Each structure stands twice: as C-alpha cells, then as structure tokens.
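User: Here is a model I want to go through. I would like to know what stands behind each label.

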Amino acid sequence: GGLSVHELANQIVVPETEIIKLLFFKGIATNINQTLDVETAKMVAEEFEILVETAEQESEAKKVTEMLSVEDLENLSKRPPVVTIMGHVDHGKTTLLDSIRETKVAQGEAGGITQHIGAYHVDVTHDGNQQQIVFLDTPGHEAFTAMRARGTRVTDIAILVVAADDGVRPQTIEAISHAKAAEVPIVVAINKIDKESAQPDRVKQELMEHGLVPEEWGGETIMVPVSAINGDNLDTLLEMILLVSEVEDLHANPDSLAKGTIIEANLDKARGPVASLLVQNGTLRVGDSVVAGSVFGKVRAMIDDRGDRVKEATPSFAVEVLGLNDVPAAGDEFEVFADEREARSVADSRSDEQRRSRLQQAMASRRVTLSSLSAKAQEGDLKELNIILKADVQGSVEAILAALQQMPQNEVQIRVLLGAPGEISETDVDLAAASGAVLIGFNTTLASGARQAADRQGVDVRDYDIIYNLLDDIQGAMEGLLEPEL
Ligand code: GDP
C-alpha cells in the first residue's frame, strides 16, 4: 500500500512542497516520487488537520499551512551536501581529497591559493546547473566519530575509499559501521584502478559481504572506480555525490541566524583564537554575536576555503572566523544570537555549567555497562543491545556471531555494530562510546591508548577467553539477570 507524496498532496489538497517540508521537519527525508506508508500518510494528513472530503478542504488546508509557517519551514532552500572521506589507511583518502581539490579548485583560481580551514568546496556542473559539494578535509573518522558522540551530524554523505589492489580491510569495515550507525549514505570510490594489480570486482564482492551491494548487481550502493593519482573518473564520482544528495533532499533556511558546528579551532599567535565554522542553518555574517559552548565572539572577519575574506557564509559552507574570546572545542555546536548581551550571558552561564558538569562527569560518568543494560532490561526498557566484538581470529568472530544469532531476541535485539579480528583499538572505543555499545574482546588485547580512552569515555570493555562465559553474560544482560557490578 502507501501513497506517493504527489498523490497524497492531491488527496488532502496541500501543496507537495508543504508535505515535503513537514516531513523534512520531522526528520523524514523524502522526494516527490517516494511512496509513504499508510502510517506516515495519516500522520501528514493529521498534521494538516484535514478530514478528507470535507467541503472546506481547500480553505482548511490553507489555514493549517499558515499555522505551520515556522520561519524555517517557509524559507527552506536547497543546500550543498557535506561529504566526509573514510577508509582504510593508505587506500588513498588524502590523495583523493587533494586531487579533487586541485582539479576542481585550482583550475579556476589564479595561482590556486587555498587555505586549509578543515573543509573546502568544489563547483560541479550537474544537470546543466552549477552546484557545490563541500568536503570535510580531515581524512579519517576522528572528527566524524567525535561529533557523533556529541550527537551532532555534520556529514550528509560518506565516501568510502577502498583500494582496488588491497580490498576490504579492518578500517573499511569500521568506516561502514560508523556510517551505518549514523545513517549516512555511502558512496564507494574504488581507488587505484590504474594499478595492474587492481581487482575492482573482487572489492565489490567483499563489500557485498558487508551489506553494500553495487547498483549494477541490483543493490543500492553506488560504486565508482577511480584513480586518485591520475584523476580518472573523479568527475563521475562528484556527479554521483550530487545524485545521492538529490535523493537525500538537503535543505536549510538561509534567512535565519546561523547555527552549525565547529570543525577546527586553534590559538594563532598573531590572530588569537581562530575557528572554522560549518554553517548548517541560517547565514553567518561579519558582526554576528556567536556562542560556541562557553566561548563568545563577535565575528571580526571571515575567510573562506579559497583564502578570500567574505562577509557571509550560507548553509553547508565553512569559514574561518576571527574574533572569538577563546578557543572552542572541535565538534561543539555554535549559534548566533540577535542580541549581543544575551549571547554573552549564555556563554557565561555555560562556562559555569561546564565546570560543574565536568566535575560531575568525572565523579560518575554515564557508563554503558553490561550490568547497567541488564538493569534496563529488568525494567523492560532495553530494546537493543549494541555490541562491538573483537576476537583473536576470524574463525572466533564467526563462531561468536553465529552463537549470538541463535539467541532468542524477542524482547531485546542484538545488534553487532562491528565484529572483526584484531586488537581493541581506540577507534573501537570511540565507536562504542558514540553508539552506546559494549565492547567485547575474545582472546584479544587492548591496543595502547585504548584502555585510557575507555576509562575516559566510560566504555565497558569485557575480556573473555571462554565463549560460553561470553554468551552467558550477554544472555544474562538481555534477561536482566546480571548482578550489578560493585
Ligand atoms: P590515506 O592513508 O588513505 O590518506 O592514503 P594516501 O592518500 O596517503 O595514499 C597512500 C598511498 O597510495 C600513497 O603513496 C599514494 O600515492 C598512493 N595512492 C593513492 N591513490 C592512488 C591511486 O589512485 N593510484 C596509485 N597507483 N596510487 C595511489
């Protein structure tokens, strides 16, 4: 069953764009041709308070639409996608970022002077229009994970780079888990196809084992063979990003006060605190009063990724900002206030609050532990048990995964975010913290730094050397039977 947005719009006499806006506002991304299930269609109809087939349909619809005219909703316009590049070390993330930037940016700029501000944008002609794509140019997923841990989503699309001569590797799998956990669509760049040893089809096969099925094999994942070094097929990759971005239907309201995320920040000897701000809604302007965490600032100057001084930055663009009174943390959200005094007082009260909450955190971090999950299960509050599993060898991983699958999961669903052989790394800990998962090791060790990271972030790391004990504890947690830890 179900209705397309178009059909629903006709039935309830509300403009299609209003329905799309409403769904966008509710966090449901759609386009006009997408089919809505009955539940969603009903919800939409109710939101517009329309009794289908009343005489006053039309006027009623108009009235309700007016009620909905929250400023943002009325002024939504398309924004460029923000893209992150992920993948295994040495598969070519940095080369790809540099290559895209060089070919797409330098060619248009005299001298090609670029400024590193943590993000850059390229212009791409798509469907006859000039469109933009914004790349976060910190390769790897630290930024991604850290921001997600704070609950902010800055990335619209992840490019997963896989070297055609090396295939799917542990960090490839990790990247897939991160993107999936954040519900960010993946476009795969099969890199290094210039190499003789390249085996793109083998890469596709391996990716299928991790749930990414290439389009040409009937799946949904776009995979583009590229050579970052030669620049082969980069245009196709960019086109595909824009295609996915269209499906994602990315919007923001450029007519409001800016909000967004700090992507980089540091103390410059000459210029004082400097931060790169990614605008996610609204427009940021010189002279604006900005609050980021407990940092306040009146924007004195803004520099874009091409080294130009600019007066404003619209949604999805990043700018380097001068004029902050301190260095904010990367990953912090920022917000512009209309009133400078209000902004200052918000920042001040946050800095008091921060001091207090840091203390509280140090005293009792909100740990996700098997026994706290067990307590939740006992209350009937546990729906999902997220697990990250690292084991000595692939064979153990498979044996444990198979056994987990056999467990009854009526009340609580087991979700294995990552199951791989190897040491428990700091990234595993980050992923666990970001996704509220327990980290389980079987006959393996912790990489240096992972223990401190786990302690710092309050992640429960459990070591086992007997599969039975491991399964027993997980079952116990799911049934709410685990004894609280002392
Ligand atoms: P990262 O660790 O993922 O950022 O990988 P890098 O971008 O540093 O690349 C690792 C190595 O692979 C470098 O020596 C690059 O020159 C090389 N490399 C990257 N892309 C390609 C490519 O398309 N073809 C070939 N032949 N080598 C590449």
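The turns below take the labels one by one.

Analyst: This is a predicted model, where local features need pLDDT of at least 70, side-chain atom pairs count only at pLDDT 80 or more, and totals for chains, interfaces and linings use all residues. Residues are numbered from 1 along each chain as its sequence is written, and side-chain values use heavy atoms, with hydrogens and water left out.

User: What is the average pLDDT of the protein chain?

Analyst: The average is 82, and 83% of the residues score at least 70. pLDDT is the predictor's confidence in each residue, from 0 to 100. Over residues 51–69 the value is below 50, and this stretch has 21 contacts beyond near neighbours in sequence. A contact means heavy atoms within 4.5 Å. Residues 361–366 also stay under 50, with one contact beyond four places in sequence. Where pLDDT is low, the predicted coordinates should not be read in detail. For the model, ipTM is 0.99 and pTM is 0.64.

User: How many helices and strands are there, and what makes a run count as one?

Analyst: There are 16 helices and 23 strands in the protein chain. Both are DSSP runs numbered from the N terminus: helices are H or I with at least four residues, strands are E with at least two.

User: Why is Ser316 called buried?

Analyst: Its relative accessible area is 1%. Buried means under 20%, exposed over 50%, and partly exposed in between (1.4 Å probe, protein chains only). Ser316 therefore counts as buried. It sits in the loop between β17 (312–313) and β18 (318–324). Its phi is positive, about 85 degrees, although Ser316 is not a glycine.

User: Is Asn443 buried, exposed or partly exposed, and why?

Analyst: Asn443 has a relative accessible area of 41%, so it is partly exposed. Its loop runs between β22 (438–442) and α15 (450–457). Asn443 is not a glycine either, yet its phi is positive, about 50 degrees.

User: What share of the protein chain is buried?

Analyst: Of its 486 residues, 49% count as buried.

User: How do you know on which side of α3 the buried residues lie?

Analyst: In α3 (residues 38–47), the buried residues are Thr40, Ala41, Val44 and Ala45. They cover an arc of only 140 degrees around the axis, so they are on the same side of α3. The arc is that of the directions from the helix axis to the C-beta atoms. Exposed Glu39 and Glu46 are on the face turned away from the buried side.

User: Which residues of α14 are buried?

Analyst: In α14 (residues 426–435), they are Asp428, Val429, Leu431, Ala432, Ala434 and Ser435. Gly436 follows α14 and has a positive phi, near 60 degrees.

User: What makes a residue part of the shell around the ligand?

Analyst: One of its heavy atoms must lie within 4 Å of the molecule. Here 15 residues surround the ligand, and the closest are Asp90, Lys93, Thr94, Thr95 and Asp194. Helix α6 (residues 93–104) gives the most to the shell, with three residues.

User: How far is a polar side-chain atom of Thr94 from the ligand, and what is the cut-off for a polar contact?

Analyst: The distance from Thr94 to an oxygen atom of the ligand is 2.5 Å. A polar contact is a pair of N or O atoms within 3.5 Å; within protein, one must be able to donate a hydrogen and the other to accept it, and residues adjacent in sequence count only if both atoms are side-chain atoms. Ligand oxygen also lies 3.0 Å from a polar backbone atom of Gly92. For a side-chain N or O atom of Asn191, the distance to a ligand oxygen is 3.1 Å. Taken alone, the ligand exposes 580 Å², and the protein buries 73% of that. Accessible areas come from the Shrake-Rupley method with a 1.4 Å probe; for residues, only the protein chains shown count as cover.
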